[in-house]
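Take a walk through this structure with the sequence at hand. The path starts with a handful of aromatic residues, then widens to the whole chain, and ends in the loops.

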Amino acid sequence: YQKVGVTWLLWLYELGLGGCLADDMGLGKTVQVLAFLLCLKAKSTSKGPPALLVVPASLLGNWSSEAARFAPSLTFATVHASAERLPFDAVDVVLTTYGTVVRTAALAEQAWGVVILDEAQAIKNPSAQQTRAVKRLRARTRFALTGTPIENRLGDLFSLFEFLTPGLLGTPADQRRVLRELEKTGALYTHLRALVSPYILRRLKTDPRVQKDLPPKTEMRALCPLTRSQAALYQDAVAALERKLASPDGQGIARRGAVLASLMAMKQICNHPSQIRGDGVYAPEESGKLTRLVELAREIAERQEKMLVFTQFREMTAPLARALEAVFGRPGLVLHGSVPVKDRTALVDAFQSDGGPPFFVLSLKAGGTGLTLTAASHVVHFDRWWNPAVEDQATDRAYRIGQKRPVLVHKLVCRGTVEERVDELIAAKRAMAAGLLEGHDEVPLTEMSNEALLRMVSLDIRSAQEGSQTE
């Protein structure tokens, strides 16, 4: 089905037409676009204008990582509003954010080979400054990627098509008339669907042809940026650990304790500054991870699916539940070690019931074993337990006998931090099934030399904050 998607994108491009790849979450919209861009490069006999890829700031890291993995021959440049020189001609693809498009006039002055919007519901409001800036971008062909082409109302679709194929759905006055007619009788619905359907390719996880290709469990790593406050706190934690390791007292059992305490602090900082500060605020925009979780939840809510969210920290369960309640519009469930065992069956039964709560936030120790939660088709590991067997057990609350749908597992990892490096180490060692992680043991960071440990935890500030501006 992904090959069909690439062929469809190429067909529209050759006709000079725009389109919306609206595949369900987890079906590989990113890899289809990268394959499409590789095909364009292979077909080109001369160097033309680059492609422009506009993404939410929280997804810059993911796109960079996936491009390096699947399309290393494509040359990418990331453009921020602060960039002194815009590398338009020297690369195949320019990667930027919606906020940068608003603030950087040069992006609208350039003629692009193709403009591609990821999470294109970002332009659903036609009067928003961001939408107007994106629609000023010049390109022969325009594509949009979104799992939710109609997020709240039919007007979202009109705004999207004003970007993709301006004029196809008439003037703004025509669109208002159509909306009024649809609200009254629905008589124009068939005509509208016939107009837009050639420009939308949408496959769902439930489609039989897709299910044949889709693994029953798909694991995805979501790379999240650090906000500025997170980056500052993280750098302070690294400096404090370096001082402890240099101290004459930093030996033996004292060293091990200092390392464990520092690693715990770094994990908390990656989750949210409020967790380490203890102020109880937990504003979503202060954390790259919480921002990404909210974005995931919006798409899951739109699909009317259910999700499990695991964290190893009990104090994170309530803030996560509050953020998710704001997205789903109704409360979910929370389970941690203080919930009496006799009450847990009722929570599970409520979640498993049709029409029951849409999300369940669980502490990893309390909810990671012994529960059957197959009503969920999404599992999110908000923070990472560095023993993969523990994470697998938690994932298996949803991925077990009785589950009739593919399960998507989202693992949130802060870019440029110890989380990313340990995640890569786990992946490499699990693939080899030998050495450091033989038997699914935890990564023994406390046994590393001082130099190796500091390299492991040090902050790659450029990578960590890439795209972390508020949008």
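Start with two phenylalanines. Phe328 is buried, and Phe359 is buried too. Keep in mind that this is a predicted model. Buried here means under 20% relative accessible area. What is the angle between the ring planes of Phe328 and Phe359? The planes stand at 35°, and the ring centres are 5.6 Å apart, so the pair is tilted. The two residues come from distant parts of the chain. Phe328 belongs to helix H15, which covers residues 314-328. Phe359 belongs to strand E11, which covers residues 359-363. Along the chain they are 31 residues apart.

Now turn to another pair of rings, Phe351 and Phe360. Their centres are 5.5 Å apart and their planes meet at 55°, so this pair is tilted as well. Phe351 is buried, and Phe360 is also buried. A search of the whole structure turns up five aromatic pairs. Elsewhere, three residues join in one aromatic cluster: Tyr13, Phe36 and Phe143.

Step back to the whole protein. Its secondary structure comes to 21 helices and 13 strands. How does its radius of gyration sit against the globule rule for 471 residues? The radius is 23 Å, close to the 23 Å that the rule gives, so the protein is as compact as a globular protein of that length. Along the principal axes, the C-alpha atoms fill a box of roughly 70 × 55 × 40 Å.

Next, look at how the chain packs. Of the 471 residues, 53% count as buried. Take the contacts between residues at least 6 apart in sequence: 75% of these join residues at least 24 apart. The surface comes next. The protein exposes about 20,800 Å², and carbon and sulfur atoms supply 54% of that area. Charges can be followed too. There are 58 positive and 50 negative ones, and their mean positions are 3 Å apart.

Now go into the loops. Gly368 sits between helix H17 (364-367) and strand E12 (378-381). Is this glycine buried or exposed? Its relative accessibility is 3%, so Gly368 counts as buried. Which residues does it touch, leaving aside those up to four places away in sequence? Gly368 touches Phe310, Ser363, Gln393, Ala394 and Arg397. For a sense of scale, compare its position with Ser65. Gly368 and Ser65 are 303 residues apart along the chain, and their C-alpha atoms are separated by 29 Å.

Two further loop residues deserve a look for their backbone angles. Most residues other than glycine have a negative phi. Tyr282 has a positive phi, near 55°, and is not a glycine. Tyr282 lies in the loop between helix H13 (273-277) and helix H14 (288-302). Its relative accessible area is 12%, so Tyr282 is buried.

Gln304 follows on the other side of helix H14, in the loop between H14 and strand E9 (307-311). Phi of Gln304 is positive as well, about 55°, although this residue is not a glycine. Where does Gln304 stand, buried or exposed? Exposed means over 50% relative accessible area. Gln304 has 74%, so Gln304 is exposed. The walk thus ends with two loop residues set side by side: Tyr282 is buried, whereas Gln304 is exposed.

Notes:
Residues are numbered from 1 along each chain as its sequence is written. This is a predicted model: local features need pLDDT of at least 70, side-chain atom pairs count only at pLDDT 80 or more; totals for chains, interfaces and linings use all residues. Side-chain values use heavy atoms; hydrogens and water are left out. Helices (H or I, at least four residues) and strands (E, at least two) are DSSP runs, numbered from the N terminus. The radius of gyration is taken over C-alpha atoms; the globule rule is 2.2 Å times the number of residues to the power 0.38. Buried means under 20% relative accessible area, exposed over 50%, partly exposed in between (1.4 Å probe, protein chains only). Contact means heavy atoms within 4.5 Å. Accessible areas come from the Shrake-Rupley method with a 1.4 Å probe; for residues, only the protein chains shown count as cover. Lys and Arg count as positive and Asp and Glu as negative; His and the chain ends are not counted. The place of a charge is taken as NZ of Lys, CZ of Arg, CG of Asp or CD of Glu. Rings of Phe, Tyr and Trp (its six-membered ring) pair if their centres lie within 6.5 Å; planes under 30 degrees apart count as stacked, over 60 as edge-to-face and the rest as tilted.
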